[in-house]
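Colleague: Could you take me through one part of this model in some detail? I'd like to start with a loop and then move inwards.

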Amino acid sequence: MSLTTTITTQDWREEVVIIKDAGHRLAGILTLPSQGEASSVLVCAHGWGGNRNGPHNLLTHLSRQAAHQGIAALRFDFRGRGESDGAIEAATLATMAEDLVAATAWCRERGFSTLHYSGICSGGNVIIGALP
């Protein structure tokens, strides 16, 4: 039995994605509008002890609502969390910043022209500190 890597509904579709940077593999979910192409993407950054879904699936709901409004959304696990490579003991705000920069580059390579960011707790701190 193979795992499903894409889920499609009337309002959105989701794809499993892998972001590679500096020898690390970051696991993520890209949520897209079910119809048409999105030129904007919302990059979601979870908190220190969380994962790409956020507390009570907050980032999942936010991503799907963005897609419903025509904006793509990327939520990913920082290094050492969720399904991403690395050990939680080695994680720092600096490694989170490196991961966010890698996710940003991945979005640009994918062709998104406008990027928006949303962060929870330390994810918000990383957004403020890591991006020019």
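Modeller: Happy to! Let's start at asparagine 57, which sits in the loop between β4 and α1 (strands, E, of at least two residues and helices, H or I, of at least four are DSSP runs, numbered from the N terminus). This is a predicted model, where local features need pLDDT of at least 70, side-chain atom pairs count only at pLDDT 80 or more, and totals for chains, interfaces and linings use all residues. Residues are numbered from 1 along each chain as its sequence is written, and side-chain values use heavy atoms, leaving out hydrogens and water.

Asparagine 57 has a phi near 60°, positive although the residue is not glycine. Histidine 56, in the loop between β4 and α1 (58-68), has a positive phi too, near 55°. Most residues other than glycine have a negative phi. Histidine 56 counts as exposed because its relative accessibility is 78%, while asparagine 57 is partly exposed at 38% (buried is under 20% relative accessible area, exposed over 50%, partly exposed in between, with a 1.4 Å probe and protein chains only).

Now inwards. The largest nonpolar core (buried Ala, Val, Leu, Ile, Met, Phe, Trp, Tyr and Cys residues joined through side-chain atoms within 4.5 Å) has 24 residues, and Val41 and Phe112 are among those with the most contacts inside it. β4 (40-45) and α2 (93-109) are among the elements that each supply at least two of its residues, with α2 giving the largest share, seven. Another core, of six residues including Leu59 and Ile120, lies apart from it.
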